Amino acid sequence: MNHRVKILREVVVANQNVRDFLGNMAMKLLCETSCFSLCNSVVKMMFVFVLYSCGGPENVKISLEYPPVYPDYINVSIPQNIAPLNFLLRNHPEKIQVSIKGKADSIMVRGNHKIEIPQEKWSSLLSENANDSLLVKVFAQVNAEWILYKSFKWYVKADKVDSYLSYRLIEPGYEVWNKIQIAERNVENFDQRILADNNLTSGSCMNCHIHGNHDGKLSMFHLRGEKGGTILNKNGQLRKINTRAKGMLSNAVYGDFHPSGRYGVFSTNIIIPELHANRSERLEVYDTASDLVVIDFDSDKVITKPFLSDSTTFETFPVFSADGKWIYFCSAPKVTLPDSIKSLKYSICKVAFDAEKGEIGNNVDTLWNARKMGGSVCHLKASPDGNYLLYTVVDYGTFPIWHREADLQLMNLKTGEIDKLNQVNGPNSDSYHSWSSNSRWFVFASKRDDGIYGKPYFCYIDASGKAHKPFVLPQRDPEAYDYMLKSFNIPDLSATPVPFDAKDIEKVYWVQAAEQVK
Amino acid sequence: MKYFSLDKLFSLVFGLVVFWFFAFLYPFHLNYQEQYQMFLFSVDYFRSFFAKPGGISDYTGNFFTQFYFYSWVGAIIIAVSLVLLQRAVWFISRKLEAKSVFFPLSAIPSLMYWGLLCDENYLLGGLIALLWVAGFITTYSILKSAKIRMLFVWISIPVLFWMAGGAFLLLLLFAFVYEILKRESKIAELSVWFVISAILSYAIPTLCKSLFLQYPLREVWIGTNYFRFPVNIPISVGIIVVSVVVIPFALYYLSKFIRKDNSKTLIAGQLIVIVLGGYFLISHSADMSKEEVMAYDFNCRMRRWDQIIAMADKKTPTTPLSVTCLNLALAKEDLLGERMFNYFQKGIGGLMPDFVRDYTIPMIAGEVYYHLGFVNTAQRYAFEAMEALPDYQKSSRAIMRLAETNIINGNYAVAEKYLHLLQKTFYYKHWANNALATMKDEKLIAQHPEWGTLRKYRTQEDFLFSEGEKEMMLGVLFKQARTNRIAFEYLMACTLLTKDLKHFLQYFPLSESLNYRAIPKSYQEALYYAWVTTNKDGSRDIPYPISNGVKQRFQLFQKMPGQANTPSYKNDYSDTYWYYLYFVN
């Protein structure tokens, strides 16, 4: 009862309001539709009328508050090619009715406590309303009483997001892993495909899958285990590469593709996990040593520089710039670990790279100085248009997924200006991001809902560089996230699907011999 | 008594013996199995099983396994299942015209499966799969027309493959031999039927694998999880599965050698073989030492501290895990300092076991960390134990612990997620509803006898947990909550078990905040020993109130020469810290 009182604060009883709503809708339809579509519109209007006259909302109370929708899709910016934003209401209504209205057309959806928007109608509504907005009205019957909540908008952006999103599905554990899968989701609908499954590869761990040039024809991930290696996909041809050459600290860990597809830049790390004793912390993962290497995939040759494998500094999270002429990476002076873990702070540095000669430059520039800025940077990602560098900032260390304070920041590479993305960041860890090929969208893993289970959120960056409120990847069943015990790790966008699946990886793992880098 | 009723009486007695075994001799194995699964009444949960060949058997097995929470219900389920299998084998045998005198031998597959179920890693789903297959074979054997029987096999191949996994091949095997024996069809017809059946049997699993099943081929063919480790299917499973078909045919052939259908001697002989063989098999399959550890663990999980101590009083536990449970029970009952050396102790492994990447040890060790107030460590251990489950199941016990630890830590959103899952279970629904109600009110959590206390005890300062420095961790924990008596007693127990008297003496004054009425016995023994050995001239009085009894016993202990294992030492001093100090390595 208290909950209802809270919801209905400043509520106005409006016996006629549904009829008013329908009346307005009818007027709008009559005014806004052409003669050609008038017949169609009248039919739809009659349908809506019948719908309401058959046990629809009556004696509706109007709430001045937004409905308690989950996921939080209130006033979000969405790409015109996203899957239906199905949602549920958290106040356990008996019935809900939702109208989604564009400038010409609308969709009416009914459900118990959740709705599933029809895919086809949704797609055409989005394309009709590109660069415009959709008005969402939610009616809910709570304790036998109908409520009309404050309407909200979905701002439809003509800029599309890359259609394919790969991620690793894993339980957010500590040291022991169970079932790990790399999946590819078509974000325009709800189709998901498994690209790799450790059940098929003797339970071995697999790291996250990344694309080159946002293209499904170029991608890679590290498959660990006895018969593992870095799986490189080039035009559907799968290679298995042992990326640990003599003298390297470890196999390749964090990495990125050069725009040419010929090179990959990687860190090599000695990684140590430790458990926090305090309630608000969970796991601390840090490197006791880390270096950088570039691997030439054409010749299987490792390229490095002595200052990038210096034992006095840690280097990690390397990426290429959009034009491939620079390597951005994180660097920190070595400290005693774990005792001085809180003093371990990484800066953003860059060093030149000559793709023609396959040479790393000699001068390192610092773009973001951890000492001055008072934080530690992880996971650099350069936007494909070359304008921005997106990264995560934590208080200390190199493992943001268990740092509640981990937030994204956006650096304008032309002006050096930094946007702290207050509109984007949540109360828990926001990290592991990836750009869409048009540089208008990025996706990131956020633990904002519960602090443990990461989910992919999409964020729009408009032409002026302003970030909009993000929204979570829609699911056919909006309750899916509630019961899912997996985290979505390293979401990575691609314009096209990858040309392999889990069975191909099974074959590569068991049958194909690994190439050795030199 | 007529034989038809004798065979039913035999089944009844067999069932009762199985029930008695699991209900009274082996109940904690059933509780153990129940905790490593979480049957959800949800469509998604069903779908996750239905999507895999043999998954329906696993789903049905899990459905029944949830009732193992009450071991007597589990015992009924197992008894009924084994009796059903025996009856099915006997029914099939009779359809093959086996003589009724052979009914005791029809229990062989059930008896062997009983032996398997004594191992906690064999799952009920395997037995269910076998029952499905036996059911299909029974149906097949009822059909009178040869053509209908053949058609039935073709239809059954995909259906049974999906229900019971690779065990569907038994139907084909049985049908093939059956049709040859019956000779109701022409050889050509039979050959064509068999070839088509064989092609279907090979093609369906292979096609499923290549088209949509993302499981290793071996798993596709086996299907059902007979064993908790899907990659290792012991040969014994294969033998038992095949015996369901072999026994009826064997009885059919044996019947040819028997003229009389009512030989009492033969029945008695078979019963003797079955009873003796069964006794040999079950006594060799049952692991009573594991049962003991499981009993300690279950009582620990249910917070039955007095029962744990009573168990130890009857028979002192000797395995590190059961000693771990006992020490926790003693600490919970404020008796650790007083009585820990009354029982077998062997180092710190029986106090706070180290983390191991499996699903048993972290679950038990996690109980210790939880009750001490190391809430994050307890959470980790529960999570890791669940992740280590080789059959990818979720553990209801681990999910409960994750919910509890997150409530204590104030992470309500994630606690709610776990509680919503538990709301979809049969046994934990009520607990989850209560927890959800409690979670809405901070006062209720503060007043909660366990969560409220642990919230006070948990660490306030952050530090990286170091398993190798348990003593230091306990020190930090106690320093932050001076009323955490369990932490203090574990700290002292750590020093005593590691024979580190220097730190024992250093930490002992911390007990002031706990207002002990008298110094616990083992502390007195350690204090007195330390005092006597460092003040040999006896010029000063010991500054602690040591009882005269302790002083006198120590004087006698000192005077008594001999070996640790001599009866006098063991009888008189094995309950003292001095005995541990001198003779336990």
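**Note on a predicted two-chain model**

1. In chain A, 47% of the 518 residues are buried. The coordinates under discussion are those of a predicted model, and the remarks below should be read with that in mind. Chain A contains seven helices and 35 strands, and of its contacts with a separation of 6 or more, 58% are between residues 24 or more positions apart.

2. Chain B is built from 31 helices and one strand, and buried residues account for 47% of its 585 residues. Among the contacts in chain B between residues at least 6 apart in sequence, 70% join residues at least 24 apart. The C-alpha trace of chain B spans about 105 × 60 × 35 Å along its principal axes.

3. One sheet of chain A merits a closer description: an open sheet of five strands, whose order is β14-β15-β16-β17-β35 and whose pairing is mixed. The edges are occupied by β14 (210-212) and β35 (515-516) of chain A, and because each has a single partner strand, one side of each is left without a neighbour in the sheet. At the β35(A) edge, strand β17 (residues 237-242) of chain A runs parallel to β35(A), the two being joined by two bridges, and I241(A) stands opposite E515(A) in β35(A). Helix α7 (residues 502-510) of chain A packs on this sheet, where it touches β15 (215-223), β16 (229-234) and β17 of chain A, and its direction makes about 40° with that of β17(A).

4. Within that sheet, β15(A) and β16(A) run antiparallel and are joined by six bridges, with S219(A) standing opposite N233(A) in β16(A). These two strands, β15(A) and β16(A), form a hairpin with five residues between them, and in the turn G225(A) has a positive phi of about 95°.

5. On its other pairing, β16(A) is joined to β17(A) by five bridges, again in the antiparallel sense, and the bridge partner of K234(A) in β17(A) is Q237(A). Here too the strands form a hairpin, with two residues between β16(A) and β17(A), and N235(A) in the turn has a positive phi of about 55°. As for its surroundings, β16(A) is mostly covered, five of its six residues being buried.

6. Turning to the helical chain packing, helix α14 (residues 288-301) of chain B packs against helix α16 (residues 320-332) of chain B with the axes 8 Å apart and at an angle of about 30°. Since angles under 35 degrees count as roughly parallel, α14(B) is therefore described as roughly parallel to α16(B). The crossing in which α14(B) passes α16(B) is left-handed.

7. The residues that make this contact are, from α14(B), E292(B), V293(B), Y296(B), D297(B) and C300(B), and, from α16(B), L321(B), S322(B), C325(B), L326(B), L328(B) and A329(B). By residue class, the contact of α14(B) with α16(B) comprises eight nonpolar, one polar and two charged residues.

8. Between the chains, the contact draws 32 residues from chain B and 29 residues from chain A. On the side of chain B that touches chain A, the elements giving two or more residues are α19 (375-387), α21 (412-422) and β1 (464-465) of chain B, and the largest share, seven residues, comes from α19(B). This side of chain B divides into 14 nonpolar, eight polar and ten charged residues.

9. The contact between the chains also includes strand pairing, for strand β19 (residues 263-276) of chain A and β1(B) pair over two bridges in the antiparallel sense. In this pairing, H276(A) stands opposite L464(B) in β1(B).

10. A final point concerns a single position in chain B, V177(B), which lies in helix α9 (residues 169-182) of chain B. With 16 other C-beta atoms within 10 Å, V177(B) is partly exposed, because a residue counts as buried at 20 or more such atoms and as exposed at 12 or fewer. V177(B) is 298 residues from G475(B) in sequence, and the two are 72 Å apart in space, C-alpha to C-alpha.

Technical notes. Residues are numbered from 1 along each chain as its sequence is written. Chains are lettered from A and ligands numbered from 1 in the order in which they are written. This is a predicted model: local features need pLDDT of at least 70, side-chain atom pairs count only at pLDDT 80 or more; totals for chains, interfaces and linings use all residues. Two residues are in contact if their C-beta atoms, placed from the backbone, lie within 7 Å. Helices (H or I, at least four residues) and strands (E, at least two) are DSSP runs, numbered from the N terminus. Ala, Val, Leu, Ile, Met, Phe, Trp, Tyr, Cys and Pro count as nonpolar, Asp, Glu, Lys and Arg as charged, and the others, Gly among them, as polar. Two strands pair if DSSP finds at least two bridges between them. Axes are lines fitted to C-alpha atoms, for helices over the stretch in contact, and angles run from 0 to 180 degrees between N-to-C directions. Angles under 35 degrees count as roughly parallel, over 145 as roughly antiparallel, 65 to 115 as roughly perpendicular and the rest as oblique. A crossing is left-handed if the near helix is turned anticlockwise from the far one by less than a right angle, and right-handed if clockwise.
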